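Student: Before we discuss any labels, could you show me the structure and then explain how each term is justified?

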Amino acid sequence: MNPPAVPPHLSVVVPMFDEEAVIGLFVERLRPVLDDLGETYEVLVVDDGSRDTTPALLEKSRRDWEQLRIVRLRANAGHQAALSAGLMRARGQWVATIDADLQDPPETIAAMLAAAQERSADVVYGVRNDRTTDSMFKRHTANVYYRLIRRLVGHHVPADAGDFRLMSRATVDAVNRLPAQNRVLRLVIPALGFPSTQVEYRREERAAGTTKYPLARMIRLSVDSLTGFSIAPLRLATWFGLGGAAVTALLFAVAFGAFVTDHTLPGWTSTFLVVAGVGAVQLLCLGIMGEYVGRLYTQLQGRPTYHVAYDSSEDVLQG
Ligand code: UDP
Ligand code: MG
């Protein structure tokens, strides 16, 4: 299939990593929604280096769904990088991004398109008004995450807006021009300042399969969010230093007082604790600095964050 001369009205970008359990359900639910829009569209699935039968199942779905396009990454690059790959290749006048596990209801895409038109917005955020289907742990950590981010990065970041959103072509072009390293889209996009609006939706339960966001990845996303958009952690290191200096000054005064009044202070434990405490804080601060140095380093190298193995729309032999 050659790329269509006229860009479609809508591109739906779907990152997928080992989603064999959910593909059938997803296609079944997404397709009627898009067919009913009465507009041209493409569905761009970014297969993020899946190791299960996802590629084969996608290939099978593509046989009777002409609008389905598959972009396969060579190796697992992570949710954000997979989304970036999709945004880079999407051709639509509007681009929606949605998870494959049906936690984001596809029907909401229609509501987003309508909201964009009615309220002349370039970006429509999907905001979860009900997270009862998420685990207690996920809800609490998400709450802390959004509060921290809004405080440190800015209140223009909508709370409880994940990566389910609709963007205009202008917005997507602007995102694509930004550096790709450690990009956290939910923070980058509000910072662009395009007129935006929100559509609320109910976060559903994962339709099948298991989460691809284990704790380690949640922590990674949080660290990227904090260090990528704020130098507050570096300032925190300064405050630690100042606090430590103040405590030391106090201790010095006490020790000096004891010395001049000829009282020796017993002190093995206290010395040990101070040394260990100071060492820990120093390592922490070094770690914080290391995060920023690491970011500079990867940014400077400018290595791509993902590698595309193939794009079904360019693959004439397969078409
Ligand atoms: N995903 C991906 N690459 C990854 C991890 C996740 O493309 O390395 C996709 C995944 O297939 C899904 C979306 O990102 O479509 C969100 O992942 P998931 O539903 O597992 O996260 P959760 O909803 O549990 O936070
Ligand atoms: Mg999910």
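**Strand β1 and its surroundings**

Tutor: In this predicted model, seven of the seven residues of strand β1 (residues 10–16) are buried, so the strand is largely enclosed by the rest of the structure.

Student: What makes a residue of β1 count as buried?

Tutor: The criterion is 20 or more other C-beta atoms within 10 Å of its own; Leu 10, Val 12, Val 14 and Met 16, which point one way from β1, satisfy it, as do Ser 11, Val 13 and Pro 15, which point the other way. In a regular strand the side chains alternate between the two faces of the sheet.

Student: How do you know that β1 pairs with other strands, and in which sense?

Tutor: Pairing requires at least two bridges. With strand β2 (residues 41–47) there are seven, in the parallel sense, and the partner of Val 12 there is Val 43. With strand β4 (residues 94–97) there are four, again parallel, and Ser 11 is bridged to Val 95; both pairings therefore meet the criterion.

Student: Why is the unit of β1, helix α1 and β2 called right-handed?

Tutor: The term applies because, with the strands pointing away from the viewer, the path from the first strand over the helix to the second runs clockwise, and β1, α1 (residues 23–35) and β2 make a β-α-β unit of this hand.

Student: What makes up the shell around ligand 1?

Tutor: Its residues divide into six nonpolar, five polar and five charged. Of the 16 residues, Pro 15, Phe 17, Ala 100, Thr 211 and Lys 212 come nearest, while β1 and α3 (79–89) each supply at least two residues of the shell.

Notes:
Residues are numbered from 1 along each chain as its sequence is written. Chains are lettered from A and ligands numbered from 1 in the order in which they are written. This is a predicted model: local features need pLDDT of at least 70, side-chain atom pairs count only at pLDDT 80 or more; totals for chains, interfaces and linings use all residues. A residue is buried if 20 or more other C-beta atoms lie within 10 Å of its own, exposed if 12 or fewer, and partly exposed in between; C-beta atoms are placed from the backbone. A residue is near a molecule or strand if its C-beta atom, placed from the backbone, lies within 6 Å of it. Ala, Val, Leu, Ile, Met, Phe, Trp, Tyr, Cys and Pro count as nonpolar, Asp, Glu, Lys and Arg as charged, and the others, Gly among them, as polar.
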